[in-house]
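User: I would like to learn how to read a model like this one, feature by feature. Could you take me through it, with the general idea before each case?

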Amino acid sequence: MKEKLTNNLGLKILSVFLAFFIWLVVVSVSNPVITQSQQVELEIVNANVLESKNKTYEIIGDQKTVTVYYEVQTMEAGNIRASDFRAYIDLAEMYEPTGSVPVYVEVVNHTRLISGEPYTRPGVIRVQTEDLQRKAFDLTVKPVGNAADGYAPGTATLSPSYVYVSGPESLVGQISQVGIEINVENASSNVTGTASPIFYDANGNEIAQNDRLTVNRTDITYDLNILRVKDLVLDFEPSGEVADGYRYTGVESSVNSVTVEGLKSTLAEISSITISGEDLDMEGATGDRRVTLDLTRYLPEGVHLTSGDGIIQVVIRVEPLTNRRFELPVSQIRLEGDTGRYEYEFEQDTVSVVVQGLSEDLDQLTTGGFDAQIDVSSMGPGIHSATAQVTLSSAYEIVSVSPSTITVSEVGPAAADETSEGAGSSGSNTEEESAAHTGTRPGSHGGDDASETTGEQNTSATEG
């Protein structure tokens, strides 16, 4: 097979060449007319007809070019270019019910080379019309990047502060706001410059630029303040007194601190935000009070929250007080004024102490935390009734303390002598009973009377 293809190869090549040459001779002699095409840009004329009616248009399918078909002799076909034709639609001839407009084509160059009338495909363009809208938008500012540590973007001065956007109602209606973006990366002082307006939808997303939308100003001048940032603690100071039998236990807030911004000199003098007065009134309260506060009312002039609306929820906690009885061992009671001369004996083993406080606090209280004392400095021998003075921390209040019965007696040599004298005298039982009622040691006064009697007898004997 290979040998058949290669046999007489030169003769075969010569045959192809001769055939092509003969074809050229025939074509050059006959020069037949052929149909060719060019992609030609579509031109719009009389658009002002719609603009005068406050309308705008859009070519359905975004048709920007049409195909122009034409006839030309074979030998001249290579000289024809797309620029030799003009294709256009005249909006003044639009058929409004359907929006159809015919496409016209003109030969602008090499007219003599074109045979017949050129035509286009498509031959009709559909145009959609829409009311034109012009709407004003206040400009917003969107800082981009992070300011230097301890600083935050403040308010910006814009010139102009608003712009007009014109275009089809459907496109203008998609715009929720118009603003500019300002780069604040590592900024610690005011930022100035110019920027172009950007369109945003209702979700804050940027809308791609559309040549059917126009804005009356493309350069916006800005001056953005860079403010100092500081965290401030909230300090709550309730006013008034809760009802009897209840106690204020503190304030609970949904927010305990906020971040604010302002001039450095202003924030230097502020460390907290104090909230007091009638907003935190707890007069006569018998339970928790819930309050809604607006923090912006308590901020100094020139200081603003960095985020949020400043609305917080506050609960003033008020809890009821309860009474609880404790049995305090008398061994835990200190005797103040004890000189060591007397002996003190309690008739009871414990005294009852009623304490008032919060139930949770009372659960933590034991008698080990009681500080109790009785002043015995004025007590002489005998039986006495006294009430201990009990002290607790400020979380508690002593409601009552049961009285104690204390027997006081002398101790030491004097007590032993008096006991001996009492045992040797008649009627000693009577003296002891008398001493018990008078609060004196038994026999103390009896011994003196006996001495006086003996002395009188001795004096009489001498005189006799």
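**Reading the features**

Analyst: Let's start with a single residue: L14 counts as partly exposed because its relative accessibility is 44%, a value between the 20% limit for buried and the 50% limit for exposed. Please keep in mind that this is a predicted model.

User: Where is the place of L14?

Analyst: L14 sits in helix α2, which covers residues 9-30.

User: And which residues make the nonpolar surface patch of about 410 Å²?

Analyst: That patch consists of L14 together with L11, F17 and L18.

User: Let's step back to the whole protein. How many helices and strands does the secondary structure come to?

Analyst: There are 9 helices and 29 strands. Of the 464 residues, 31% are buried. The protein exposes about 28,100 Å², and carbon and sulfur atoms supply 47% of that area.

User: What share of the contacts with a separation of 6 or more comes from residues 24 or more positions apart?

Analyst: Such pairs account for 75% of those contacts in the protein.

User: Now for sheets. How do I read one?

Analyst: The general idea is that strands of a sheet pair through backbone hydrogen bonds, in either a parallel or an antiparallel way. One case here is an open sheet of 3 strands, with the order β23-β29-β26 and antiparallel pairing. Its edge strands are β23 (342-346) and β26 (382-386), each of which pairs on one side only. On average, neighbouring strands of this sheet are turned by 30° against each other, ignoring direction.

User: How many bridges join β23 to β29, and which residue stands opposite F346?

Analyst: The antiparallel strands β23 and β29 (residues 404-410) are joined by 5 bridges. F346 faces I406 in β29, and Y342 has E410 of β29 as its bridge partner. You can follow the antiparallel sense in the numbering of these partners. On the other side, β26 and β29 also pair in the antiparallel sense, over 5 bridges, with I383 partnered by T407 in β29.

User: Why is β29 largely enclosed by the rest of the structure?

Analyst: Because 5 of the 7 residues of β29 are buried, this strand is largely enclosed by the rest of the structure.

User: Is there a strand here with both kinds of pairing to look at?

Analyst: Take β1, residues 33-45. Strand β1 pairs with β3 (residues 65-73) in the antiparallel sense over 9 bridges, and V33 stands opposite Q73 in β3. With β4 (residues 85-90), β1 pairs in the parallel sense over 4 bridges; there V45 has D90 as its bridge partner.

User: What should I look for in the backbone angles?

Analyst: As a general guide, most residues other than glycine have a negative phi, and most peptide bonds are trans. With that in mind, look at the exceptions. The peptide bond from R121 to P122 is cis, with omega near 0°, and P122 lies in the loop between β6 (114-121) and β7 (124-144). Another cis peptide bond joins S159 and P160, with omega about -5°; P160 belongs to the loop between β8 (151-159) and β9 (162-168).

User: And phi? What is the value for N54, and where does N54 lie?

Analyst: N54 is not a glycine, yet its phi is positive, about 60°. N54 lies in the loop between α3 (48-51) and β2 (55-59). N186 is a further case, with a positive phi near 60° in a residue other than glycine, and its loop runs between β10 (177-183) and β11 (191-195).

User: Are N54 and N186 buried or exposed?

Analyst: N54 is partly exposed, because its relative accessible area is 44%. N186 is exposed, because its relative accessible area is 56%.

User: Finally, how do I read proximity between residues far apart in sequence?

Analyst: Try E130, which is found in strand β7. E130 and N54 are 76 residues apart along the chain, and their C-alpha atoms are separated by 8.8 Å. Setting aside neighbours within four places in sequence, E130 is in contact with K55, T56, P168, E169 and S170. E130 counts as partly exposed, because its relative accessibility is 21%, and buried would require a value under 20%.

Key:
Residues are numbered from 1 along each chain as its sequence is written. This is a predicted model: local features need pLDDT of at least 70, side-chain atom pairs count only at pLDDT 80 or more; totals for chains, interfaces and linings use all residues. Side-chain values use heavy atoms; hydrogens and water are left out. Patches are made of residues with over 30% relative accessible area and no salt bridge: like charges are joined within 9 Å, nonpolar side chains (Val, Leu, Ile, Met, Phe, Trp, Tyr) within 5 Å. Accessible areas come from the Shrake-Rupley method with a 1.4 Å probe; for residues, only the protein chains shown count as cover. A salt bridge is a side-chain nitrogen of Lys or Arg within 4 Å of a carboxyl oxygen of Asp or Glu. Helices (H or I, at least four residues) and strands (E, at least two) are DSSP runs, numbered from the N terminus. Buried means under 20% relative accessible area, exposed over 50%, partly exposed in between (1.4 Å probe, protein chains only). Two strands pair if DSSP finds at least two bridges between them. Axes are lines fitted to C-alpha atoms, for helices over the stretch in contact, and angles run from 0 to 180 degrees between N-to-C directions. Contact means heavy atoms within 4.5 Å.
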